[in-house]
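Here are my notes on this predicted model. Please read them with the structure open.

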Amino acid sequence: MYNKILLPIDLNHKQSWSKALPTALNFCQTYNASLHVITVLPDFGMPLVGGFFPKEYADQAKKTMTDNLRAFVKEHVPKDVKVQRIVADGKAYEAILRVAKKIDVDLIIMASHKRKRLEDYLLGTNALRVVQQSKRSVMIVR
């Protein structure tokens, strides 16, 4: 039923994956699907924001995020699950939708949680936008 499952996570917020990851792993093992874990680096190239950072900052941030995602997958994803790590950049929901289309996923599994802080509000907004704009099935885990 499912061949490719996309799991968007924020490495800095455990609530973005603590419930969604076990669900995604269950689906992967049940359907022998591959797991595609994506994390999104904010776009520092925007003229207003990018001018405050050295040119090499974005490259270093992406390398650090790639290393952190590799460690996350090694720690949390069983070896019997085929997994791809993806570090994208830009607005979170746009990057998720772009990658979902590019790799032709069957299902996006992502977390939603109570909006306690500004970051939580933004994560909730991204989940809502993915649900509204995705042409793929989306499962929101609470």
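**Notes on the sheet and two loop residues**

1. Start with the sheet. It is open and has five strands, ordered E3-E2-E1-E4-E5. The pairing is parallel.

2. Look next at the edges. Strand E3 (83–89) and strand E5 (137–141) each have a single partner strand, so one side of each lacks a neighbour in the sheet. On average, neighbouring strands of this sheet are turned by 25° against each other, direction ignored.

3. Now the pair at the E5 end. Strand E4 covers residues 107–111 and pairs with E5 in the parallel sense. Five bridges make up this pairing. Met110 stands opposite Ile140 in E5.

4. One helix deserves a check against the sheet. Helix H4 (residues 92–102) lies across strand E1 (4–8), strand E2 (34–41), E3 and E4. Its direction is at about 135° to E3.

5. Which residue in the loop between helix H1 (20–31) and E2 should be inspected? Asn32 sits there. Its phi is near 55°, a positive value in a residue other than glycine. Most residues other than glycine have a negative phi. Asn32 counts as exposed because its relative accessibility is 68%, and the cut-off for exposed is over 50%.

6. Asp104 belongs on the list too. Asp104 lies in the loop between H4 and E4. Its phi is also positive, near 55°, and the residue is not glycine. With a relative accessible area of 49%, Asp104 is partly exposed. Exposed would require over 50%.

Notes:
Residues are numbered from 1 along each chain as its sequence is written. This is a predicted model: local features need pLDDT of at least 70, side-chain atom pairs count only at pLDDT 80 or more; totals for chains, interfaces and linings use all residues. Side-chain values use heavy atoms; hydrogens and water are left out. Two strands pair if DSSP finds at least two bridges between them. Helices (H or I, at least four residues) and strands (E, at least two) are DSSP runs, numbered from the N terminus. Axes are lines fitted to C-alpha atoms, for helices over the stretch in contact, and angles run from 0 to 180 degrees between N-to-C directions. Contact means heavy atoms within 4.5 Å. Buried means under 20% relative accessible area, exposed over 50%, partly exposed in between (1.4 Å probe, protein chains only).
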